[in-house]
Amino acid sequence: MFNNTEIEQQVAEFLLQIKAIKLQPNNPFTWASGWKSPIYCDNRVTLSHPSIRTYIRQKLTTIIQETFGAVGCIAGVATAGIPQGALVAQELGLPFIYVRAKAKEHGRGNLIEGEIMSGQRVVVIEDLISTGKSSLQAVDALREAGYDVAGLAAIFSYGFDVATENFKNAKCPFVTLSNYNALLKYAEEQQYILPADVEVLKQWRTSPDTWGQ
């Protein structure tokens with residue numbers, strides 16, 4: 001598993017600075033799933049900041065090479081993983097494809113967009129890992145289409161135990177540039193949050209499905 005404290009902290013700093021991540025323990029967000037959450041992450045915001053976009057592209061490229069070795073293609077997960085994946089594919093000089101959330105209901109009915117030979121060794125790119133469900137749906141689609149999925153790389157992970165278990169069961173290794181623990185450490189040190197908020201934020205990560213009810 002990739003582990004680089006300097007990169008983890010730098011990415012956490014960037015995400016907080018540009019408000020790609022917002023922490024509101026006293027005014028929680030409501031996710032699409034209905035979960036209450038003290039954190040909201042939208043890594044699409046990084047695309048509007050060229051220097052940060054470049055840093056993320058370069059570091060994703062590095063961890064892919066260090067963790068997965070030689071690959072033949074990069075696959076983005078719709079929608080937020082598409083631009084990040086395309087940037088990484090360009091950096092590596094590799095073909096790019098992407099996986100839809102569901103097959104098109106018209107035309108050729110594609111689930112996977114782009115054309116590469118079946119059997120290619122692929123790394124999947126996501127912007128964010130929560131439970132891992134949508135990411136692993138893309139992995140399954142690629143495997144069913146005959147591709148060899150080496151693993152998945154993402155910008156950030158909440159670090160849920162259920163995600164770790166889901167990826168383990170799917171036999172899909174994954175790596176992220178930063179994570180929830182690194183974020184909390186940086187946020188407390190730089191006073192984005194109060195010391196009293198840290199315990200609340202840790203409790204949420206332990207039981208996100210029931211927190212705030």
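**Entry 1: Ser37**

I looked up the contacts of Ser37 in this predicted model. Beyond residues up to four places away in sequence, Ser37 touches Pro28, Phe29, Trp31, Trp204 and Trp211. I found Ser37 in strand β3. Its relative accessible area is 0%, so I list Ser37 as buried.

I then checked the polar atoms. The side chain of Ser37 makes a polar contact of 3.5 Å with the side chain of Trp31. A polar atom of the Ser37 side chain also lies 2.7 Å from the backbone oxygen of Ile39.

**Entry 2: Pro38**

I moved on to Pro38, which sits in the loop between β3 and β4 (39–41). Pro38 is buried, with a relative accessible area of 0%. I left aside its neighbours within four places in sequence and noted contacts with Lys22, Leu23, Gln24, Pro25, Phe29, Leu201, Trp204 and Trp211. I also took one distance: the C-alpha atoms of Pro38 and Gln90 are 35 Å apart, with the two positions 52 residues apart along the chain.

**Entry 3: aromatic rings**

I searched the whole structure for aromatic pairs and got 13. One of them is Trp31 with Trp35, a stacked pair with 5.8 Å from centre to centre and 25° between the planes. Trp31 has a relative accessible area of 14%, so I count this residue as buried.

How are the rings of Trp35 and Phe160 arranged? Their centres are 5.9 Å apart and their planes stand at 75°, so I recorded the pair as edge-to-face. Trp35 belongs to the loop between β2 (29–30) and β3 (36–37), and Phe160 to the loop between β9 (148–157) and α5 (161–169). The pair therefore ties together parts that are 125 residues apart in sequence. Trp35 and Phe160 are both buried.

I followed the ring pairs further. They link Trp31, Trp35, Phe156, Tyr158, Phe160, Tyr180 and Trp204 into a cluster.

**Entry 4: helices α6 and α7**

Tyr180 and Trp204 came up again when I examined the contact of α6 with α7. Helix α6 covers residues 180–189 and helix α7 covers residues 195–206. I noted an angle of about 170° between them, with their axes 10 Å apart. The two helices are therefore roughly antiparallel to each other.

I listed the residues that meet. On the α6 side they are Tyr180, Asn181, Leu184 and Glu188; on the α7 side they are Pro195, Val198, Leu201, Lys202, Trp204 and Arg205. By type, the contact has six nonpolar residues, one polar and three charged.

**Entry 5: Ser178**

I went back along the chain to Ser178, in strand β10 (residues 174–179). Is Ser178 buried or exposed? Ser178 is buried, with a relative accessible area of 0%. Not counting residues up to four places away in sequence, Ser178 touches Glu8, Val11, Ala12, Ile155, Phe156 and Ser157. Phe156 I had already written down as a member of the ring cluster.

**Entry 6: Val71**

My last look-up was Val71, in the loop between α2 (50–68) and β5 (73–77). Val71 has a relative accessible area of 14%, and I entered this residue as buried. Apart from its neighbours within four places in sequence, Val71 is in contact with Leu94, Arg121, Val123 and Ala150. For Leu94 I added a distance: the C-alpha atoms of Val71 and Leu94 are separated by 8.4 Å, and the two residues are 23 residues apart along the chain.

Terms used. Residues are numbered from 1 along each chain as its sequence is written. This is a predicted model: local features need pLDDT of at least 70, side-chain atom pairs count only at pLDDT 80 or more; totals for chains, interfaces and linings use all residues. Side-chain values use heavy atoms; hydrogens and water are left out. Axes are lines fitted to C-alpha atoms, for helices over the stretch in contact, and angles run from 0 to 180 degrees between N-to-C directions. Helices (H or I, at least four residues) and strands (E, at least two) are DSSP runs, numbered from the N terminus. Angles under 35 degrees count as roughly parallel, over 145 as roughly antiparallel, 65 to 115 as roughly perpendicular and the rest as oblique. Contact means heavy atoms within 4.5 Å. Ala, Val, Leu, Ile, Met, Phe, Trp, Tyr, Cys and Pro count as nonpolar, Asp, Glu, Lys and Arg as charged, and the others, Gly among them, as polar. Rings of Phe, Tyr and Trp (its six-membered ring) pair if their centres lie within 6.5 Å; planes under 30 degrees apart count as stacked, over 60 as edge-to-face and the rest as tilted. Buried means under 20% relative accessible area, exposed over 50%, partly exposed in between (1.4 Å probe, protein chains only). A polar contact is a pair of N or O atoms within 3.5 Å; within protein, one must be able to donate a hydrogen and the other to accept it, and residues adjacent in sequence count only if both atoms are side-chain atoms.
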